[in-house]
Amino acid sequence: MTDQIQNSASKEAGAKDNVDVEAIRRQIDADFEQTVRQLKDLVSIPGIAWEAFDPEQLQLSAEAVARLIRESGVEDVQILRVDNDGVPGGPAVVARRPARAGMPTVLLYAHHDVQPPGDADLWGSEPFTATERGDRLFGRGAADDKAGIMAHISALRSLDGLLGPDLGVGITLFIEGEEEAGSPTFRKFLQTHQELLRADVIVVADSSNWKVGVPALTTSLRGLVDGTIEVQVLEHAVHSGMFGGPVLDAPTLLSRLIATLHDESGAVAIEGLVRNDDASVDYPEADYRADASVLDGVTLAGKGSLASRLWSQPALSIIGMDVPSVAKSSNTLLPSARAKFSLRLAPGQDPTEAMHAVETHVQKHAPFGASVTFTPGETGSPFATDTSAAAGQRALWALQQAWGVDAVETGVGGSIPFIADLTEIYPEAQILITGVEDPDSRAHSANESLHLGEFKKAVLAEALMLAKINSEGL
């Protein structure tokens with residue numbers, strides 16, 4: 001690991017502290033076999049929040065999580081839902097242990113719903129039968145995010161066993177039941193149960209570590225805007241032989257318009273977007289090519305450091321087009337064509353301003369005077385956390401102690417839309433995004449898996465962080 005990657009270490013690592021690291025490590029070790037067994041049981045429940053799947057399985061998943069939390073010693077456990085236009089949302093498990101007077105409260109978030117398994121033939125074992133192969137546990141949800149649930153439960157259970165009544169920090173567990181379906185009732189859930197979920201620190205265990213052997217704290221997320229761009233050039237389709245030449249068809253003009261969205265280097269060319277080249281982490285190009293399965297000979301796009309292109313600069317993709325398929329094509333000048341864009345936003349970018357910038361750009365660059373219709377879609381705000389604050393320092397210290405190497409402060413190119421809801425509704429809370437995954441976890445894909453050695457370290461890190469907050473506060 002290069003010095004660049006290790007330069008984000010917590011400055012507290014060498015400081016004298018009040019946490020018995022080795023005692024907590026032994027407690028986690030003693031509990032780990034039970035933790036893995038319970039994780040396997042959770043994986044066996046195909047709780048999927050999509051309409052096409054059996055909602056009873058999702059309810060069974062929530063009940064299993066609630067039962068595990070009760071067995072861990074937390075008595076105040078509820079399964080709650082809120083309606084979305086008359087349709088019940090996914091079942092969320094909320095459990096609380098109030099803080100002693102003067103002590104902070106930490107909310108521990110994860111989600112129990114999972115992605116559909118996809119093509120079973122692509123799996124090396126049954127998706128909903130947790131299977132150990134080597135040092136990894138395979139199964140849908142093994143990493144995303146049932147391992148996050150068990151990290152919370154195991155860390156709390158181990159601290160209870162070690163500290164007993166000396167554990168005075170307040171704990172709220174919030175295990176969502178519809179994250180993989182886009183969290184459609186999340187904001188309403190927060191508004192309905194705002195006081196129930198209020199906390200000083202929010203830990204979201206739904207991200208990834210840098211690689212096996214090196215932990216990470218996710219400190220930034222890109223935001224998102226999307227929408228459609230439609231180009232129309234004719235009132236109706238006409239014969240390409242009789243009329244082709246003086247007028248270009250709509251797919252060609254749409255292609256020319258799409259080409260203006262990036263400059264010659266491949267960087268996003270839309271004026272007015274926030275972009276930063278301030279990533280302190282080195283992401284080697286060879287690693288990126290391997291992780292993203294880039295073909296040999298393909299030149300990487302954009303400007304600035306590779307990490308900044310992934311985490312702190314905008315990135316625009318065309319994710320769908322409405323044009324006839326090759327199999328159904330005919331010798332016709334098509335009158336209209338439509339494309340859907342997805343624009344990832346750098347931290348610090350206002351989504352409304354970004355959407356306006358895209359609309360201004362496509363209208364300005366309408367090719368050959370074609371009619372361009374812009375339809376805005378979804379928006380999501382970017383996120384950045386201050387790791388110099390107390391909670392961030394506690395987390396970085398705990399990660400260093402658990403792994404034995406300094407943690408990477410990493411960005412994520414994707415978005416976690418509900419983070420924006422948390423920051424808006426709880427502006428005073430310190431939000432930490434931690435992870436149990438690694439680059440080989442293949443979340444959402446066939447053969448999703450969890451590295452069990454890394455998982456144990458993630459559990460230990462969370463227990464150490466909670467113990468540090470318990471002993472020293474915020």
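Let me start with Phe 32, which is buried, at a relative accessible area of 11%. The cut-off for buried is under 20%, so Phe 32 qualifies. Keep in mind that this is a predicted model.

Where does Phe 32 sit? It belongs to helix α2, which covers residues 21-43. Leaving aside residues up to four places away in sequence, Phe 32 touches Leu 452, Phe 455 and Lys 456. Those three numbers fall within helix α13, residues 452-472. For a sense of distance in the other direction, take Thr 352, which is 320 residues from Phe 32 along the chain. Their C-alpha atoms are 46 Å apart.

Next, the sheet that goes with helix α13. Three strands make up an open sheet, in the order β6-β7-β20, and the pairing is antiparallel. Which strands are at the edges? They are β6, residues 131-133, and β20, residues 449-451, each of which pairs on one side only. Direction ignored, neighbouring strands in this sheet are turned by 25 degrees against each other on average. Helix α13 packs on this sheet and touches β6, β7 and β20. The direction of α13 makes about 65 degrees with that of β20.

As a general reminder, the strands of a sheet pair through backbone hydrogen bonds, either parallel or antiparallel. Here, β6 and β7, the latter being residues 136-138, pair in the antiparallel sense over three bridges. One pairing to look at on the screen is Glu 132, whose bridge partner in β7 is Leu 137.

Now the whole chain. How many helices and strands does the protein have? There are 13 helices and 20 strands. Of the 474 residues, 52% are buried, and Phe 32 is one of the buried residues. If we take contacts between residues at least 6 apart in sequence, 80% of them join residues at least 24 apart.

On overall dimensions, the C-alpha trace spans about 85 × 50 × 45 Å along its principal axes. Does that go with a compact globule or against it? For 474 residues, a compact globule would have a radius of gyration near 23 Å, and the protein has 24 Å, so the two agree.

Last, the surface. The protein exposes about 20700 Å². Carbon and sulfur atoms supply 48% of that area.

To recap the local picture: Phe 32 in helix α2 is buried and touches Leu 452, Phe 455 and Lys 456, while helix α13 packs on the sheet of β6, β7 and β20.

How values were computed:
Residues numbered from 1 in each chain as written. Predicted model: local features only at pLDDT ≥ 70, side-chain atom pairs only at ≥ 80, totals over all residues. Heavy atoms only, no water. Pairing = 2+ DSSP bridges. Helix = DSSP H or I, 4+ residues; strand = E, 2+ residues; numbered from the N terminus. Axes fitted to C-alpha atoms, helices over the stretch in contact; angles between N-to-C directions. Contact = heavy atoms within 4.5 Å. Rg over C-alpha atoms; globule rule 2.2 N^0.38 Å. Buried < 20%, exposed > 50% of the residue type's maximum accessible area, 1.4 Å probe, protein only. Areas by Shrake-Rupley, 256 points an atom, 1.4 Å probe, with all protein chains shown as cover.
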